[in-house]
Amino acid sequence: MDADRSFGLSQPVASPLYTSAVYSIPDLDVLDRICDGKEPGYIYARDKHPNAQQLADELAKLESAEWGVMTASGMGAVSATLMAIVSQGDRIIASDQLYGRTTQLLTTELFRLGVSVSIVDMSNLDHVEVALAQPAKALIIETISNPMLRVADVPALGQLAEKHNCELILDNTFATPVLFRPIEVGATIVIESLTKMIGGHSDITLGGVFGRNPDLQKRISQVMTIWGLSPSPFDCWMAMRSLATMELRVRTAAENAAKLANWLPTQSGVRKVYYPGLPSHPDHGLAKRLMSGPPGNIITVELEGGREAVNGFMRTAIDIPFCPSLGDAQTTCSYPAGTSHRYVDLEEKRRLGITDGLLRLSIGIEPIDVIRQNLVKGLS
Ligand SMILES: *Cc1c(COP(=O)(O)O)cnc(C)c1O
């Protein structure tokens with residue numbers, strides 16, 4: 001941020017928080033210069049404010065993007081992106097393993113506005129190619145899906161999207177730019193929910209969109225401000241603080257997860273362990289090829305004994321809070337069948353492998369022995 005003369009010759013080291021909802025402008029000529037983009041400046045915080053700008057610039061660099069637009073939540077980022085791209089009559093091709101609210105946005109809200117969606121198993125590239133035979137505005141997929149942790153073949157999907165002249169939107173929330181930068185290998189738009197690992201402390205709700213095409217930035221910013229999806233300065237300021245430790249947190253948590261994923265199958269009461277870093281995972285090779293280091297901090301475990309075993313785990317592993325989110329510095333757990341996939345019908349749950357005994361662990365940065373002890377408590 002530019003030097004603030006009110007501090008004299010020195011400057012604060014920590015970035016300031018600017019809560020101002022509006023900015024004063026000296027005269028009409030300056031107003032014109034700011035509005036026409038000839039000079040920098042802020043006018044109204046719903047459009048733009050310094051804390052969002054600073055965070056967007058910083059994250060854009062980390063994503064290998066040219067620009068970033070911050071939004072009030074991860075869903076704000078998904079909504080702003082899709083609303084910026086589609087018009088009535090358009091079509092989106094979506095992965096069959098998207099975040100529940102993203103699927104709902106497509107199948108209920110956008111559908112209501114005359115946008116159609118084709119839901120496709122994108123781990124099968126032939127299916128994607130078939131879907132692309134009909135015109136589509138965008139492919140949307142997550143780098144690592146929830147809760148089966150399927151990894152997107154971004155380079156291959158990028159080639160297909162380019163050939164058919166459509167956007168490739170990657171929701172990179174489970175990987176973060178620390179582990180993977182989709183824009184470097186063919187994605188045209190990246191979405192992050194900063195509520196998860198990037199924020200890292202379960203104390204902000206925030207999202208962001210990143211890309212290289214300047215026209216898209218204009219469209220997404222416009223949708224963001226018109227639909228009122230703007231981020232709060234306080235949450236952006238908190239996220240700037242999180243960025244300072246992001247690399248350390250994400251790498252430490254992923255290294256812990258990789259070790260625990262190898263150890264968990266040896267524990268009694270554990271029927272199956274899903275982690276892309278394990279050779280037993282269908283996307284092991286892809287994860288190894290695409291990601292730098294262990295592929296994330298999420299492990300999905302199927303316990304023997306179904307729902308009651310999960311209940312037992314939650315009641316005894318009292319130091320692993322059960323909460324329907326992920327990415328905290330501390331280890332937490334969630335229950336896909338009852339939270340993220342609660343309203344998915346039984347048939348579809350079965351197809352995705354979401355059983356009553358499935359527990360999703362978000363591994364934290366505690367010393368690994370502490371996490372192991374807490375897990376043992378829950379499994380016994
Ligand atoms: C949580 C999440 C979102 C939504 O983010 P919010 O900040 O909760 O709105 C979107 N995509 C993925 C993969 C998520 O995990």
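Entry 1, the sheet. In this predicted model, I looked up the strand order of the open sheet and found 4 strands that run E8-E9-E11-E10, with antiparallel pairing. I then asked which strands stand at the edges. These are E8 (270–274) and E10 (332–334), each of which has a single partner strand, so one side of each is left without a neighbour in the sheet. For the twist I noted an average of 25° from one strand to the next.

Entry 2, a strand pair and its helix. I followed strand E9 (residues 298–303) alongside strand E11 (residues 358–362) and noted that they pair in the antiparallel sense over 5 bridges. Within this part of the sheet, I found Thr300 opposite Arg360 in E11. I also looked up what packs on the sheet here, and recorded helix H11 (residues 306–316), which touches E9, E10 and E11, and whose direction makes about 30° with that of E11.

Entry 3, two helices. I turned to helix H9 (residues 233–263) and helix H13 (residues 368–379), which pack with their axes 11 Å apart at an angle of about 40°; H9 and H13 are therefore oblique to each other. I noted the crossing of H9 and H13 as right-handed. Which residues make the contact? From H9 I listed Asn256, Lys259, Leu260 and Trp263, and from H13 I listed Ile368, Ile371, Arg372, Leu375 and Val376. Sorted by class, the contact of H9 with H13 comes to 6 nonpolar, 1 polar and 2 charged residues.

Conventions: Residues numbered from 1 in each chain as written. Predicted model: local features only at pLDDT ≥ 70, side-chain atom pairs only at ≥ 80, totals over all residues. Heavy atoms only, no water. Axes fitted to C-alpha atoms, helices over the stretch in contact; angles between N-to-C directions. Parallel < 35°, antiparallel > 145°, perpendicular 65-115°, else oblique. Left-handed = near helix turned anticlockwise from the far one by under 90°. Contact = heavy atoms within 4.5 Å. Nonpolar A, V, L, I, M, F, W, Y, C, P; charged D, E, K, R; others polar. Pairing = 2+ DSSP bridges.
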